[in-house]
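Please work through the following exercises with the sequence and the 3D structure at hand. Attempt each task before reading its solution.

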Amino acid sequence: MNVWLGQHARCFGTTMVKLARTPLGSVFNMFVIGIALCLPVGLYALIDNLQAASGHLAAEPQISAFMALDASKGEIAQIELRLKQNPRVERYRFVARDQALQELKQSSGLTDVIDSLPQNPLPDAFIISAKNNTPQALDALREEIAQWPRIVHAQLDAVWARRLDATLRFGRVIVLILGGLLALALVAITFNTIRLQVLTQRDEVEVVKLIGATDAFIRRPFLYYGALQGAAGGLVAWLFVTGGIWLINRNLGELSHVYASLFQLKYLPPVDAVVLLLFPAALGWVGAWLSVGRHLSHIEPV
Amino acid sequence: MITLSRVFKRYPGGRQALNDVGFTVEAGELLFITGPSGAGKTTLLKLLAAIERPTSGTVIVSGQNVGTLKSGAIPFLRRKFGLIFQDHKLLFDRNAFHNVALPLDIAGYGAKDAARRVRAALDKVGLLKYEKALPITLSGGEQQRLCIARAIVHRPAILLADEPTGNLDIEYASAIGDLFQSFNQVGVTVIVATHDQALLARLNPRVIALRNGALAEAA
């Protein structure tokens, strides 16, 4: 066990030396991998942010039920009773038409226009939250309420939020496809790098085979190289994405001053950052493994 | 320790390198395999270290049938040998010390223990003062001795040398002959393939002569 650990530690060291011995080539390789990874990772970060934003806005879908303009107090009370007794309604809130008009005046700043209206154009309304928030249940409840007497119109508020959600889900699929393609590219890049290395170290491989090195021993430095290169590429991607978010946030800061809102992009959480290091490392390992297995068998000592 | 019986080796393309060769080597023997070039000396050594496999017949090394060994077991067979090559097969990207340390790295020795053994081996072949030198800066005879140091550093039971004095002048050659003799005296089985008659006369070993892939005489 100690022997094994010692060999691994030494191998890690020599691999670092190998990376450092050809700094330009290593750096370029890392950048190629890093930039390739940037695309899906950046898109992922963006979608994650949008998702969080839309989650705020549509935390709970609501049904708005509007009464007829000439509905009487008794009719309103009847609807209220039905809502109270309906087992599918979690809670509801009554918005009287005068109250709604006041709210509109305050929030829109159109006081003059509204004051000039001959009569209040807004109906009495109920804002209803359902017990079950699945789209089917919400639709069923909305339809039921729309059938009730003196209800002119019942509408589900969360439609646009659901649309956004679907769009974001579509975005996630694109991230997955892009990620899958670039993962393949990473494996291919590593495959080629390692192929070149195996060829340039042909003599060494031959000699160590002759003096009793196992295939695992010969393979190990190449696997380390592939994994380290992948991890370094992941690090580059993380730096780029984090730098990008920082730049965007700085500019958003000015923008949101103007619009008096505070929208800031979140940075990649630590868990994602760790995944961003480990996943390319694993891919690099795979690429190196394929490459070494393929090319090592061609080198037989003679 | 080593037994060959009815060994044939035919290379792809039809060249018959060994033709019904059989002999036994006891532990601690000093054996020379002689013959003109093309007689099959190198092929014989390659069969012992599982670098080549016999077309038919059996090669037994310390109880293991080399010809049917699984590829996973071959590295461990090779660690029983110290291999000395005519062209040295040193690695030119590292110094003498690290060249000699290679078999110990492979076998997984600790750094301290390895350093001690490497220096002992370098000392044995008279290259201790060159431990930091790159092989390219050493003379032909020194490179050959470095190769010998690498072959003995893990204290193998069997030393295989293929034309160890092939490119060396007579003084270097006799020094290397003395080295082989000293290893043999401490119990190492030494098998040398050579056509160097001077070396043969100096060491007076058991001789197996090959001619066209077959045994010419067994002494």
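The exercises below treat chain B as a whole, then its elements, then chain A and the contact between the chains.

The model is predicted: local features need pLDDT of at least 70, side-chain atom pairs count only at pLDDT 80 or more, and totals for chains, interfaces and linings use all residues. Residues are numbered from 1 along each chain as its sequence is written, while chains are lettered from A and ligands numbered from 1 in the order in which they are written.

**Exercise 1. Describe the overall form of chain B.**

Step 1. Chain B contains seven helices and 10 strands. Helices (H or I, at least four residues) and strands (E, at least two) are DSSP runs, numbered from the N terminus.

Step 2. Along the principal axes, the C-alpha atoms of chain B fill a box of roughly 45 × 40 × 35 Å.

Step 3. The radius of gyration of chain B is 17 Å, which agrees with the value near 17 Å for a compact globule because the chain has 219 residues. This radius is taken over C-alpha atoms, and the globule rule is 2.2 Å times the number of residues to the power 0.38.

Step 4. In chain B, 44% of the 219 residues count as buried. A residue is buried if 20 or more other C-beta atoms lie within 10 Å of its own, exposed if 12 or fewer, and partly exposed in between, with C-beta atoms placed from the backbone.

**Exercise 2. Explain why helix 1 of chain B is described as largely enclosed.**

Step 1. The buried residues of helix 1 of chain B are Lys41(B), Thr42(B), Thr43(B), Leu44(B), Leu45(B), Leu47(B) and Leu48(B).

Step 2. These are seven of the eight residues of the helix (residues 41-48), so the rest of the structure largely encloses it.

Step 3. After helix 1 of chain B comes Ala50(B), with a positive phi near 60°.

**Exercise 3. Analyse the packing of helix 3 against helix 5 in chain B.**

Step 1. The axes of helix 3 (residues 96-107) and helix 5 (residues 140-152) of chain B come within 7 Å and cross at roughly 35°. Axes are lines fitted to C-alpha atoms, for helices over the stretch in contact, and angles run from 0 to 180 degrees between N-to-C directions.

Step 2. Helix 3 of chain B contributes Ala96(B), Asn99(B), Val100(B), Leu102(B) and Pro103(B) to the contact, and helix 5 of chain B contributes Leu146(B), Ala149(B) and Arg150(B). Two residues are in contact if their C-beta atoms, placed from the backbone, lie within 7 Å.

**Exercise 4. Determine the strand order of the sheet in chain A that contains strands 1 to 4.**

Step 1. The four strands form an open sheet in the order 2-3-1-4, with antiparallel pairing. Two strands pair if DSSP finds at least two bridges between them.

Step 2. Strand 2 (89-95) and strand 4 (151-156) of chain A are the edge strands, each pairing on one side only.

Step 3. Four bridges join strand 1 (residues 63-67) and strand 3 (residues 125-130) of chain A. Opposite Ala65(A) stands Phe126(A) in strand 3 of chain A.

Step 4. Helix 6 (residues 135-147) of chain A packs on the sheet and touches strand 1, strand 3 and strand 4 of chain A.

**Exercise 5. Which helix of chain A gives the most to the side that touches chain B?**

Step 1. The contact involves 14 residues of chain A and 13 residues of chain B.

Step 2. Helix 1 (2-21) and helix 8 (202-210) of chain A each supply at least two residues of the side of chain A that touches chain B.

Step 3. Helix 8 of chain A gives the most to that side, with five residues.
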